[in-house]
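Thanks for sharing this one. Here are my notes, as numbered points to read with the model open beside you.

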Amino acid sequence: MKRLLSLIIIAVVAANCQPKSQVEVPISKGTNTEMLPLVADKPIKNVILLIADGTGLGQISTGQLNLVGADDYLALQTMPITGIVKTHSSSSLITDSAAGATAYSCGQKTDNGMIGYLPDGTHCKTLLELAIDKGMKTGLVATSTITHATPASFAAHVESRRDEDVIAEHFLESNTDVFLGGGRSFFIPQTEEGSRRSDDFNLVEKFEEKGYSYLQTAEELKATNGDKLLGLFADGGLDSENRTPTLAEMTDKAISTLNNNENGFFLMIEGSQIDWGGHGNDSEYVIREVKDFDDAVKRVLEFAQKDGETLVVLTADHETGGLTMMTDSEDPHTLQVNWVTDYHTGVPIPLMAYGPHAIKFTGWQDNTDVGIKIAELMNFGEFPINLE
Ligand SMILES: [Zn+2]
């Protein structure tokens, strides 16, 4: 009896400790209600893979309610094909971003923490590397450090995601055309302020020697007409409240830089910090990041509609925080966001697709299937591939 009582007390205390916050829901304007049409199947020239880190239906819907109200849609909700993705990794039912992104980039399960790297010590060939082999241009864009787990999994191979200095070195050798994000710390020698390297290696110089334009501000990003870009706009992740450049601005530049190639391009764009809002159980942070991401999605969809040969696939890597949507019992029009954890959860995540062959992504699928389907549609040949 005593034990039961203490369990009840623990349960009550735990329930009261669950972080909650009120989210304002404006009245919809009724201006964003149109869905994009299906596109006739034809060969795909370009692929844009958008990854919203830590984003489940709760994050999307909370963002939608606050940003456009209950009756309108975000840009990402107008994509005609929807699917559901299972996300477990080989080491856990709950994935991290390294194993999550490697499932997409390599079409294979790996252990949490591993970047383009498999539990047996082999490397796996990524979609981006196969795109380069086919003569496509390639790019990675993120609002975290560009060496963070998600972008890293497309152009680096390390056992631990923590080795961001080594990941930056792999990027140099990768021949990826465009890198835009944060993480200057891992590219500058230890003697420079803000460096997080433990050697004198100056990767910025090495990139410049290879023909990359080095950019540090939104103005420099806007002005450049270089065909290889290394844009590092912060020492760590990009600031969330005063983001400059925005993900949409980086996306515009990435697309215009890559889209001058007869063999097409492969571009991965990550809304990295929706996940960080989830880890902080901070709904305002999540909403701000959903907006930054959705603004980029809007630009991507505008481009893809005009282009007609671009497949756009948008998904997450996992959900973060166990975000649940409830209402205030006093006011049923107020959204109350409740969180169950400050880590990732195992709930399946949504996928959206637009463009030729988007229909391939409908229904339930494993995260590895997403990478495999892209490789198939792009005629990349044998995939997945393990390398020694
Ligand atoms: Zn996370």
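1. Let me begin with a pair that is easy to find: arginine 184 and aspartate 235 form a salt bridge through their side chains, with 3.0 Å from N to O. Arginine 184 sits in the loop between strand 6 (178–182) and helix 7 (203–209), and aspartate 235 in the loop between strand 8 (229–232) and helix 9 (247–258), so the bridge ties together parts that are 51 residues apart in sequence. Arginine 184 is buried, at 17% relative accessible area, while aspartate 235 counts as partly exposed at 31%. Please keep in mind that this is a predicted model.

2. The salt bridges come to 11 in total. One of them joins the side chains of aspartate 366 and lysine 109, at 2.9 Å from N to O. This pair links distant parts of the chain, 257 residues apart: aspartate 366 belongs to strand 16 (residues 363–366), and lysine 109 to the loop between helix 3 (97–106) and strand 4 (123–124). With a relative accessible area of 11%, aspartate 366 is buried; lysine 109, at 24%, counts as partly exposed.

3. Lysine 360 and glutamate 376 also meet in a salt bridge, with 3.2 Å from N to O. Here lysine 360 lies in the loop between strand 15 (349–354) and strand 16, and glutamate 376 in helix 12 (residues 367–377), so the pair ties together parts 16 residues apart in sequence. Lysine 360 is partly exposed at 37% relative accessibility, and glutamate 376 is partly exposed at 48%. Elsewhere, Glu169, Arg197 and Asp199 are linked in a network of salt bridges.

4. Helix 12 deserves a look of its own. How many of its 11 residues are buried? Eight are, and the helix is mostly covered. The buried residues are Asn367, Thr368, Val370, Gly371, Lys373, Ile374, Ala375 and Leu377. Just after helix 12, asparagine 379 takes a positive phi of about 55 degrees.

5. Now to the metal. Which residues coordinate the zinc ion? Asp275 does so through two OD entries, and His279 and His344 each through NE2, at 2.1 to 2.4 Å. The donor residues follow the spacing D-x3-H-x64-H in sequence. Histidine 279 in helix 10 (residues 274–279) and histidine 344 in strand 14 (residues 344–345) thus connect distant parts of the chain, 65 residues apart. Histidine 279 is partly exposed, with a relative accessible area of 28%, whereas histidine 344 is buried at 6%.

6. A word on the geometry of that site: the angles among the four donor atoms of the zinc ion run from 56 to 154 degrees, and the site is irregular. It is not tetrahedral because that would need all angles to lie between 85 and 135 degrees.

7. Finally, the nonpolar interior. The largest nonpolar core has 57 residues, and those touching the most other members are Leu140, Phe154, Phe171, Phe187, Phe207, Phe266 and Phe361. Leaving aside residues up to four places away in sequence, leucine 140 touches Leu128, Ile146, Pro151, Phe154, Ala155, Phe171, Thr176, Val178, Phe179, Leu180, Leu267 and Met268. Another core, of 48 residues, lies apart from the largest one, with Ile48, Ile255, Ile287 and Trp339 among its members.

Note on methods:
Residues are numbered from 1 along each chain as its sequence is written. This is a predicted model: local features need pLDDT of at least 70, side-chain atom pairs count only at pLDDT 80 or more; totals for chains, interfaces and linings use all residues. Side-chain values use heavy atoms; hydrogens and water are left out. A salt bridge is a side-chain nitrogen of Lys or Arg within 4 Å of a carboxyl oxygen of Asp or Glu. Helices (H or I, at least four residues) and strands (E, at least two) are DSSP runs, numbered from the N terminus. Buried means under 20% relative accessible area, exposed over 50%, partly exposed in between (1.4 Å probe, protein chains only). Donors are N, O and S atoms within 2.8 Å of the metal (3.2 Å for Na, K and Ca); water is not among the atoms, so sites may look incomplete. Four donors count as tetrahedral if all angles lie between 85 and 135 degrees; four count as square planar and six as octahedral if opposite donors are over 155 degrees apart and all others between 65 and 115; anything else is irregular. A nonpolar core is a set of buried Ala, Val, Leu, Ile, Met, Phe, Trp, Tyr and Cys residues joined through side-chain atoms within 4.5 Å. Contact means heavy atoms within 4.5 Å.
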